[in-house]
Amino acid sequence: MSGAPLTTQAATTQAATTQAASRSARLTHLQRLEAESIHIMRETVAETENPVMLYSIGKDSSVLLHLALKAFAPGRLPFPLMHIDTTWKFKEMIAFRDQRAKELGLDLIVHTNQDGLARGIGPVSHGSEVHTDVMKTQALRQALDKHRFDAAFGGARRDEEASRAKERIVSLRTAQHRWDPKRQRAEPWHLYNMRKKRGESLRVFPLSNWTELDVWLYIEQERIPIVPLYFAKPRPVVEREGQLIMVDDDRLPLNPGETPKDVSVRFRTLGDYPLTGAVESSAATLPEIIGETLAARTSERQGRVIDKDGAGAMERKKQEGYF
Amino acid sequence: MTIHQSPEAFGYDAFLSAHQNKEVLRFITCGSVDDGKSTLIGRLLHDTKQIFDDQVTALQRDSRKHGTQGAEIDLALLVDGLQAEREQGITIDVAYRFFSTDKRSFIVADTPGHEQYTRNMATGASTADVAVILVDARQGLTRQTRRHALLVSLLGIKRVALAVNKMDLVGWSQTRFEELLAAFKDFAAPLGFTEIRAIPLSAKNGDNVVLPGTAAPWYTGTPLLQYLETVPVRVEEQAAPFRMAVQWVNRPNSDFRGFAGLIASGRVAPGDAVIVEPSGRTSTIARIVTADGDLPHAVEGQSVTLVLADEIDASRGSVIVTADAPMRVTDSLEARLFWAAETELLPGATLLAKIGTVTVNAVVTTIRTRIDPETGNPEPAARLTANDIADVTLTLDRAVAVDAYAANRDTGGFILIDRETTDTAALGLIQADAAAAPVKEEPAAVREKRSGGGFLSKLRWVFGGI
């Protein structure tokens, strides 16, 4: 396992010192968020046996990884990353994942539910609900059990969805990976109870108190690399049920008379391409994206098809072990 | 009123830097079941443009199904996130909400008003700078208002906004408003608030929440949001002596040994003389290391890695503190507990105490008094049940470094963990107790150091960092 090479960090130290020195004693919102997330990660590493970081390749994962590298610098990352690959991610996501892992020398585990793959489970043939359950939720449980991870970092934020707003930063899961919203632990000051019984595990959400805007502002401030799909450019899309779906490969069957059109779009969240709606946009730079985020009239999860699987969908999925 | 300047009008650089340099305010809202707390938060989110169109659509659908406002949109449903909450129309669990203006970012802990959920309120209050206490103008101060005010004061919140809600239902009566304020001030006099700001408002209609109301010309103060945008943030923590609990020893190679932690209070700079508690060893700060390079100084709220000038023993659980204000090192604690478990607490029970980054065994030797949750008066108690507040004595299996909670919320607060269920059984506040039982066994290093100290250092030893 290895983290960021020390040599590249040393090279950037000079410039960063100047930047750090110019910060005043009054901490900014982003500085406090960063410090809180780093504290949470260090607590988890100190108090659990075998932690792992769930890496979904999206912007929140990029921020999470950046924070982890900061938390343990100048040392190496003391845990592996794990990507649950449904095999339906955008091609650019996989390319970005492999490039980052190589650049940073990351210990990256990629897990796919082989049983689901053999059964041909997919979002087009089986619909979002079955696909998400088999290829994400069950796959995650398999991988956590296989590697005996007792804590898993995730990039979920409380501003994303109503049931997430009520979840603790450190969230206990049963041996069956179930979440019980009625049995949550009090989490006062900066004290996290990481005790658990045999077989139980923790989900840890260091970005709990970040908003979508904070994530973008931080990516801009820290110059964090993200998947190019977040920036607008002409891409082949079809419109289905009000969502702009990108035709990323030939596994997306076109309806009669349907032809992909090149539209300038970007993505606010990234997931499986047939389940991820794009937004029409011309925002090709971070300041432009931040401007659009502030002016946005829809939430970022509007592009997520799986959130629309009925009322309380996310809460139910979480209880079943979805991240 | 402009909540967010558009980047086009503002210029991208100025716009980015304004947003990247904002401060954050954490506040808690508390009120009884029907005071309109969720509605107030919904109103803050809505009027600061944090609610998106797809959320409004979902809200309209949910309002028809679960709403309590007839045909109108029920803003409370924005906040009640769990199915059970929507079905029952109540808030069960503490929820965190986020909004921002051009001036500040806000993190809101929305806590349930039911008596059985005291622990959620204590959790929300533990990190809050300000409490917004809601009162229904028709109902006036209730038992719960008193409990909430007492609870936030016990948890160290100094600034309170008294939001007198539903003013539209009492015809915006100035007399009624002043009567309520007087009653609250009277009740709160012994609670030690440094500021009580009363604001007449209507969360449902939006008057005096984000935008000024026009219905009460007699009110010359600002809307609630403007108060929250200007109230001072974390002043006490910045002024307190330097403390940092060591979370993790960073040792990537034999040339580097750094102590990683979050600075709980005060300020630190290279060259500062420090003590490593509880061993009492002294050293000097050599470097403040971060991934962005070394810092010339660091303050409360920053996560850093400290390198000391001497090779002294420190590990997870140690606390690095300024030499000017050592901590109290003790194996006996007088503490105020917020009992959160469903099980009873009886004297003699052994639990785990997590204090900063150290976890020790703690025996509840005596339950001294239970605190009446409305009056704050002590009363005798043989046992504690869920949501009781009580003063107890704990004996620890080893000495730890602590401050009084009144002096420092982060180094004076702790949790008790049930060893069998592994649940968090209580929140604890360490009391400033000069008469606390003397330490039975001083660690050798401490004894060595203290014996050389004069009267002042002995005094500090007894009183801790207060």
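## Strand β14 of chain B and the barrel of chain A

In this predicted model, strand β14 (residues 303-308) of chain B is largely enclosed by the rest of the structure, because six of its six residues are buried, burial being defined as under 20% relative accessible area. The side chains of β14(B) point in two directions: S303(B), T305(B) and V307(B) point one way, whereas V304(B), L306(B) and L308(B) point the other way. Residues of both sets are buried.

Two strands of chain B pair with β14(B). Strand β9 (residues 256-265) of chain B does so in the antiparallel sense, over four bridges; within this pairing, T305(B) of β14(B) is the bridge partner of A260(B). Strand β12 (residues 281-289) of chain B also runs antiparallel to β14(B), and four bridges join the two. Here R287(B) stands opposite V307(B). Both T305(B) and V307(B) belong to the set of buried residues that point one way from β14(B).

Chain A contains a closed barrel of four strands, which runs β7-β8-β10-β9 with antiparallel pairing. From one strand to the next, the twist averages 75 degrees. One of the pairings in chain A links strand β7 (residues 233-240) with strand β9 (residues 261-266), which run antiparallel and are joined by five bridges. In that pairing, V237(A) has K261(A) of β9(A) as its bridge partner.

The strand pairings described above are listed here.

| Strand pair | Sense | Bridges |
|---|---|---|
| β9(B) and β14(B) | antiparallel | four bridges |
| β12(B) and β14(B) | antiparallel | four bridges |
| β7(A) and β9(A) | antiparallel | five bridges |

Key: Residues numbered from 1 in each chain as written. Chains lettered and ligands numbered in written order. Predicted model: local features only at pLDDT ≥ 70, side-chain atom pairs only at ≥ 80, totals over all residues. Heavy atoms only, no water. Buried < 20%, exposed > 50% of the residue type's maximum accessible area, 1.4 Å probe, protein only. Pairing = 2+ DSSP bridges. Axes fitted to C-alpha atoms, helices over the stretch in contact; angles between N-to-C directions.
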